[in-house]
Amino acid sequence: MCVLNEPWLHNGKLSNVYVLFGTEKYLLDTWEREIVKAANPSGDQFDVMRLDLHETSLDTALDEAETVPFFSEYRTVVVKHAQFLTGAKEKQKQNVDRLTEYVLQPAPYSVLVFIVEAEKLDERKKVVKRLKERAIVLEAKKPSQTELMRYVGDELSRRGQKMERATVERLLFLCQDDWGKLVRELEKLQLYASDGAEIPLDVVNDLVPRTLEDNVFQLSEFLVARRADAALRLVRDLEKQGQELIGLLSLLARQYRNMYLTKQLTEKGYGEKQIASKIGAHPYTVKLAGQASRKFTEAQLATALTVIAEADESMKTGRGDKQIVFDTLVCQLTLL
């Protein structure tokens with residue numbers, strides 16, 4: 001998971017052609033930055049070109065790669081949106097035959113980097129096969145929660161700081177397992193805390209912005225606690241922030257569905273990770289759903305899903321004012 005082990009080097013040397021693809025943007029950005037830095041250690045941007053294939057052509061990129069650098073050892077050409085390497089429909093036909101030939105004997109004074117924000121390349125294409133043979137191809141995969149946990153642990157250790165596992169899980173949930181966001185939020189937390197200190201849960205809750213899903217979690221917590229007043233205040237606050245009631249209802253339905261399924265599967269002996277995989281939910285979501293579901297019987301949760309479905313139908317068919325329907329639903333759920 002480490003991004004600093006220089007996977008972009010081959011036997012300690014830069015390649016003349018790279019393909020960076022995948023869905024983890026933080027990794028793509030990091031690799032791009034480190035390759036440019038290695039090719040131009042002085043930081044001089046005169047010999048660095050950044051092109052977007054939504055706006056220009058592959059021929060232009062290859063022309064730039066064949067241009068001798070002026071002040072640096074390498075001419076670095078970064079090409080964004082190289083979707084011609086995937087199975088996606090191209091907006092503009094690219095001269096892939098020229099690239100296929102160029103890769104056989106790339107300019108020794110250039111570093112050509114293709115960025116592809118896609119899950120996979122189209123390996124049926126001749127140009128992709130040639131690139132995999134002759135270039136360095138790196139896949140930026142979304143990290144697993146275990147890898148993100150390890151990353152947080154490593155970063156905390158660097159400053160002798162600590163964080164309880166439950167607090168780390170909460171941080172990952174608030175960051176929605178987005179590595180880039182996690183890096184930024186963890187850095188903020190570490191700066192707030194002193195070296196060698198423990199970063200407690202309340203600090204994470206205070207400093208890391210809440211997501212909409214987390215706000216809906218809080219709403220369901222108020223409902224579970226039978227606190228209709230607090231639930232309605234939160235709903236009004238979310239409306240002021242531009243949230244639509246129909247969207248909130250959809251998320252609320254998912255929360256109760258998760259509680260219902262988690263309760264069922266827990267009683268059958270499934271663990272949290274197994275349940276998360278089975279119902280397609282985040283492990284932290286399952287953990288919270290499991291805690292909340294203990295306060296209900298299976299029949300009560302089934303009833304909750306029924307009244308939520310009825311409210312959803314009423315709102316979508318216009319049989320009642322949306323706010324009245326939603327507020328009535330809140331009161332119904334607190335009475336279960």
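**Entry 1: overall form**

I looked up the radius of gyration and found 26 Å for the chain, where a compact globule of 336 residues would have a value near 20 Å. I note here that the model is predicted. Along the principal axes, the C-alpha atoms fill a box of roughly 75 × 55 × 40 Å. I then turned to the secondary structure and found 15 helices and seven strands in the chain.

**Entry 2: burial, contacts, surface and charge**

I checked burial for the whole chain: 47% of the 336 residues count as buried. I next took the contacts between residues at least 6 apart in sequence, and 76% of these join residues at least 24 apart. The exposed area of the chain is about 17,600 Å², and 48% of this area comes from carbon and sulfur atoms. For charge, I have 48 positive and 51 negative charges in the chain, and their mean positions are 4 Å apart.

**Entry 3: aromatic rings**

I describe a pair of aromatic rings by the distance of the centres and the angle of the planes. How many aromatic pairs does the count come to? I have nine aromatic pairs. I looked at one of them, Phe173 with Tyr284: the ring centres are 5.0 Å apart and the planes stand at 35 degrees, so I entered this pair as tilted. Phe173 belongs to helix 6 (residues 165-174) and Tyr284 to helix 13 (residues 283-293), so the pair ties together parts that are 111 residues apart in sequence. Phe173 counts as buried because its relative accessibility is 4%. Tyr284, at 10% relative accessibility, counts as buried too. Elsewhere I found a cluster in which ring pairs link Tyr26, Tyr151 and Trp179.

**Entry 4: helix 13**

Having met Tyr284, I went through the helix that holds this residue. Is helix 13 largely enclosed or largely open? Eight of its eleven residues are buried, so I wrote helix 13 down as largely enclosed by the rest of the structure. The buried residues of helix 13 are Tyr284, Thr285, Val286, Leu288, Ala289, Gly290, Ala292 and Ser293. Their cover includes helix 6, helix 9 (212-224), helix 11 (245-267), helix 12 (272-279) and helix 14 (298-317).

I picked Thr285, which sits in helix 13, for a separate check. Thr285 is buried because its relative accessibility is 3%. Setting aside residues up to four places away in sequence, I found Thr285 touching Phe173, Glu213, Phe217 and Asn258.

**Entry 5: Arg170 in helix 6**

I returned to helix 6 for Arg170. Is Arg170 buried or exposed? Its relative accessible area is 9%, and the limit for buried is under 20%, so Arg170 is buried. Beyond the residues up to four places away in sequence, Arg170 touches Leu201, Val204, Asn205, Arg210, Asp214 and Tyr284.

**Entry 6: two positive phi values**

Most residues other than glycine have a negative phi. I noted two residues with a positive value. Gln176, which is not a glycine, has a phi of about 55 degrees. I placed Gln176 in the loop between helix 6 and helix 7 (179-192). Arg226 is also a residue other than glycine, and its phi is near 60 degrees. Arg226 is found in the loop between helix 9 and helix 10 (228-240). With a relative accessible area of 35%, Arg226 is partly exposed.

**Entry 7: Val79 and Glu32**

I located Val79 in strand 5 (residues 75-80). The relative accessible area of Val79 is 0%, so I have this residue as buried. Which residues is Val79 in contact with, leaving aside its neighbours within four places in sequence? I listed Leu51, Leu53, Ala61, Leu112, Val113, Phe114 and Ile115. I also took a distance from Val79 to Val152, 73 residues apart along the chain, and their C-alpha atoms are separated by 32 Å.

Glu32 I found in helix 1 (residues 25-39). Glu32 counts as buried because its relative accessibility is 7%. Its contacts, without the neighbours within four places in sequence, are Leu20, Arg50, Val78, Lys80 and Ile115. From Glu32 to Phe114 I noted 9.3 Å in space, C-alpha to C-alpha, and 82 residues in sequence. Ile115 is also among the contacts I listed for Val79.

Technical notes. Residues are numbered from 1 along each chain as its sequence is written. This is a predicted model: local features need pLDDT of at least 70, side-chain atom pairs count only at pLDDT 80 or more; totals for chains, interfaces and linings use all residues. Side-chain values use heavy atoms; hydrogens and water are left out. Helices (H or I, at least four residues) and strands (E, at least two) are DSSP runs, numbered from the N terminus. The radius of gyration is taken over C-alpha atoms; the globule rule is 2.2 Å times the number of residues to the power 0.38. Buried means under 20% relative accessible area, exposed over 50%, partly exposed in between (1.4 Å probe, protein chains only). Contact means heavy atoms within 4.5 Å. Accessible areas come from the Shrake-Rupley method with a 1.4 Å probe; for residues, only the protein chains shown count as cover. Lys and Arg count as positive and Asp and Glu as negative; His and the chain ends are not counted. The place of a charge is taken as NZ of Lys, CZ of Arg, CG of Asp or CD of Glu. Rings of Phe, Tyr and Trp (its six-membered ring) pair if their centres lie within 6.5 Å; planes under 30 degrees apart count as stacked, over 60 as edge-to-face and the rest as tilted.
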